[in-house]
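Reader: Could you help me with one part of this model? I'd like a close look at the disulfides, with enough geometry and context for me to check them in my own viewer.

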Amino acid sequence: MATKTLFVFLITLTFGLLAGSAEAQSLSVGFYTKTCPSAEAIVFEEVSKILDLVPSLAAPLLRMHFHDCFVRGCDGSVLLNSTNGNVAEKDARPNLSLRGYGVIDRVKAKLEEACPGIVSCADVLALVARDAVVLSKGPFWPVPTGRRDGLVSLANETRQLPPPTSNITTLISMFGSKGLSVKDLVVLSGAHTIGISHCTSFNDRLYNFTGKANLADVDPTLDKEYLAKLRTICKPNDNITFVEMDPGSFRTFDTSYYKEVSKRRGVFHSDEALLKHPLTKAYVLSHAGASEAEFFQDFGNSMINMGNVGVLTGSAGEIRKKCYAIN
Ligand code: HEM
């Protein structure tokens with residue numbers, strides 16, 4: 001109850017503070033204030049109820065907004081089902097490990113009951129991601145809204161999502177192509193403070209790093225002790241088992257991800273790669289185990305930057321009735 005009161009207070013406060021500057025932007029904080037005043041409270045309430053029952057869904061809900069924004073912009077295209085003759089993003093390899101589509105459908109159904117045809121699925125994703133972070137003890141940030149939903153979803157466009165094998169050059173260039181900075185990259189990678197990864201996403205580092213596929217063919221940058229531990233959990237070709245990405249605190253949004261990475265215990269090559277550029281390395285080292293305040297502020301800002309990528313506004317696209325199909 002206390003969390004809910006605080007949430008409503010924060011929403012009210014940020015609407016008040018940002019109302020003046022909102023008009024110049026294509027998205028605006030409090031976009032639904034007149035058309036669906038309870039929209040954000042409805043989203044928060046539904047997400048709270050669901051995460052109370054299934055806390056492990058917080059992480060994939062955060063990840064889903066990222067996967068939406070990097071492909072065709074934040075337009076809800078990740079939510080569309082495949083149809084006869086079209087394989088949608090959802091069914092492409094990087095999205096097969098996404099979970100939580102049912103949560104989005106449930107939140108959207110509640111919104112449709114309260115204000116039919118008003119709140120876009122793309123905005124639902126952005127608000128749910130924020131609330132998933134808040135409910136994992138992470139920061140609150142005001143989410144600019146007003147996105148509209150796209151009409152197209154193509155599996156092969158998920159190539160725009162960086163693979164876990166990416167090196168730092170690839171990561172910087174893939175984030176740069178979305179208008180996101182090197183700082184956004186290192187800050188948003190901090191999302192790996194919550195959630196899990198399947199062994200398949202990093203098994204090459206344990207068993208087949210250079211294609212030799214023998215027990216000595218490991219990623220030399222991975223901490224030896226951690227490597228041995230991961231090998232006890234993940235066997236070669238294991239595509240079922242998963243590990244906590246931030247062991248011991250994988251349900252709490254905090255700075256311990258940076259501590260793990262600084263000790264060369266990031267699970268992905270892309271986590272380790274953050275130690276290969278002066279700016280990202282400095283950020284990792286200075287936030288390893290440091291107090292949360294600066295990271296929390298940065299994370300909110302970078303999520304707002306990511307949430308602006310390629311958005312549809314005005315009369316572009318549509319407001320879907322169901323998030324999994326165009327109207
Ligand atoms: C920097 C490039 C990134 C790469 C290469 C990457 C890659 C991955 C991979 C491979 C997984 C594990 C999937 C699985 O095996 O189940 C994962 C999980 C996750 N990613 Fe990322 N990611 C990146 C950036 C991001 C960003 C920007 C966010 C959000 C802002 C994010 C949030 C998450 C979360 C929360 C999980 C855990 C999901 C769960 O528990 O199901 N990632 N990521």
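**The disulfides, one by one**

Author: Happily! Cysteine 69 and cysteine 74 are both buried (under 20% relative accessible area, where over 50% is exposed and in between is partly exposed, with a 1.4 Å probe and protein chains only). This is a predicted model, in which local features need pLDDT of at least 70 and side-chain atom pairs pLDDT 80 or more, while totals for chains, interfaces and linings use all residues. Numbering runs from 1 along each chain as its sequence is written, and side-chain values use heavy atoms, without hydrogens or water.

Cysteine 69 and cysteine 74 are bonded to each other as a disulfide (a pair of cysteine sulfur atoms within 2.5 Å). In this pair the two sulfur atoms sit 2.1 Å apart. The torsion about their S-S bond is about 115°, so the disulfide of cysteine 69 and cysteine 74 is right-handed.

Let's go on to cysteine 121 and cysteine 323, which also form a disulfide, with their sulfur atoms 2.1 Å apart. Here the S-S torsion is about -90°, and therefore this disulfide is left-handed. The pair links distant parts of the chain, 202 residues apart: cysteine 121 belongs to helix H5, residues 121-134, and cysteine 323 to the segment after H13. (Helices, H or I with at least four residues, and strands, E with at least two, are DSSP runs numbered from the N terminus.) Cysteine 121 and cysteine 323 are both buried.

Another disulfide joins cysteine 199 to cysteine 234, and its S to S distance is 2.1 Å. A value of -70° about the S-S bond makes the link of cysteine 199 and cysteine 234 left-handed. Cysteine 199 is in the loop between E3 and helix H8 (203-207), while cysteine 234 is in the loop between helix H9 (224-233) and strand E4 (242-244), so the pair ties together parts 35 residues apart in sequence. Cysteine 199 has 0% relative accessibility, so this residue counts as buried. Cysteine 234 is buried too, because its relative accessible area is 0%.

For the overall wiring, searching the whole structure turns up 4 disulfides, among them the links 69 to 74, 121 to 323 and 199 to 234. If you count the bonded cysteines along the chain, the disulfides follow the pattern 1-4, 2-3, 5-8, 6-7.
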